[in-house]
Amino acid sequence: MPEDRSFVPAFGNKPRRLVGRDEEIAGFLRGLAGPPGHRDRATLCLGQRGMGKTALLLKFAELAESHGFVAAKATAGVDLLVQLIEGIQAAGSKYVPSNRRFTGVSVGALGFSVGLSFTDDTERKASFRAKLSLLCQALENHEKGVLLLVDEVTADDEQIRQLATAYQELVGEGRNIAIAMAGLPAAVSSVLNDKVLTFLNRARKIQLGPLPLADVTVDYFNTFKELGKSISVDDLGRAVAATMGYPYLLQLIGYYLLEFTGADSEISSATVDLAINTSRTAMVDGIFTPSLSPLSKRDREFLEAMSLDDETSDIADITQRLGVTAASAQQTRRRLIASGVIIPSGTGQLQYALPYLGPFFRGTL
Ligand SMILES: Nc1ncnc2c1ncn2[C@@H]1O[C@H](COP(=O)(O)OP(=O)(O)O)[C@@H](O)[C@H]1O
Ligand SMILES: [Mg+2]
């Protein structure tokens, strides 16, 4: 039997079916349809690990391509700006004939040697902003806009600062440009870099929460039906509930349901139990271990102290349990929020940011 790719529990991939993000997509498309410089042309997707930020950016890229844009996606890091420029050149080259030199139509066009390749001089000397402007102009001549996609943004980043400045200047020039970014919610709560923060704060924000369970139900139902697998209403409901609407768990549980069912035509109750349990354990390797490994002993002790509470913890209780000063507990709290492991909920209240983190620390996963 060929390997079934209905569900792929991995990060940063494009899911076969993007479930439950219709509103987010509609909003993004409205931005693209708006005039250059429209506020909605800058989008910022925020969500915890595994909530589907990267998957949504990939969807945006695909949609933009069919709406007259050339899209380049890059991950924040030292060579972000180089990645973006090269990404636009690669994605846009098919629209720009490479067999003729640009002649002096505009000053900008002079920066190119052939197609979207810069002259050596431009390549070496032009700033990111200048190169981006040249590419926008060249693509506008072919009725194409430019969409920049930046994954894993943080406010405290020199490259993002340059990107923010360049984007605003190009908008000022009336270029047909748009930007979509994604990051952990805490990435924009930093106050280290005001200029970037202003840029990020002005963007239209998409807070990615859990997927509606009704949409997960429809997705599982249709997928199993297509594959000729039956499942009882009750078992389907249990599998859906166990995903908690969390996209990564949707993929994990769906994957194990099919894996354990094998060639059988029925997804049994026992298989559902096994798939749910296996997926919870897989969360440890897939999310908990990488999220927790950069944390210090003190951070982990803080997280363990939270596990005595049901859903929400009070910082005062945690401080007392740890036997530390209030200032020290506040410092740990801030660090854990910044790394996306906990989220503030109301004054002095805290919650784990990821499903099943409570049972994990309680040892009942
Ligand atoms: N809306 C969705 N519907 C179905 N699967 C999704 C959806 N969003 C994300 N996924 C899947 O969930 C997993 C985690 O998504 P990803 O985009 O990598 O999360 P993030 O970037 O927020 O950490 C991936 O396997 C991805 O394919
Ligand atoms: Mg991601």
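This is a guided tour of one predicted model, moving from the whole chain to its sheet, its ligand and its domains.

Before selecting anything, note that residues are numbered from 1 along each chain as its sequence is written, while chains are lettered from A and ligands numbered from 1 in the order in which they are written. Because the model is predicted, local features need pLDDT of at least 70 and side-chain atom pairs count only at pLDDT 80 or more, whereas totals for chains, interfaces and linings use all residues.

**Whole protein**

Start with the C-alpha trace, which spans about 70 × 60 × 30 Å along its principal axes. Shown as a cartoon, the protein has 15 helices and 10 strands (DSSP runs numbered from the N terminus, helices being H or I of at least four residues and strands E of at least two). Then colour by domain: the assignment, automatic or from a database, gives domain 1 (22-207), domain 2 (213-291) and domain 3 (294-362).

**The sheet**

Next select residues 69-75 and 204-207, which are strand 2 and strand 7, the edge strands of an open sheet, each pairing on one side only. The five strands of this sheet follow the order 2-5-6-1-7 with parallel pairing, where two strands pair if DSSP finds at least two bridges between them. Moving to residues 145-151 and 177-183, you find strand 5 and strand 6, which run parallel and are joined by five bridges; within this pairing, Val146 has Ile177 of strand 6 as its bridge partner.

**Ligand 1**

Now centre on ligand 1, which is surrounded by 24 residues, the closest being Gly52, Lys53, Thr54, Ala55 and Pro247 (a residue is near if its C-beta atom, placed from the backbone, lies within 6 Å). Select helix 2 (53-65) and helix 10 (247-261), the elements that give two or more residues to this shell; helix 10 supplies the largest share, four residues. Domain 1 and domain 2 both contribute to the shell, so ligand 1 lies between them.

**Domain 2 against domain 3**

Finally, show domain 2 and domain 3 together, whose C-alpha centres lie 30 Å apart. Their contact takes nine residues from domain 2 and six residues from domain 3, residues being in contact if their C-beta atoms, placed from the backbone, lie within 7 Å. On the side of domain 2 that touches domain 3, helix 11 (residues 269-292) gives the most, with six residues.

Methods
Two residues are in contact if their C-beta atoms, placed from the backbone, lie within 7 Å.
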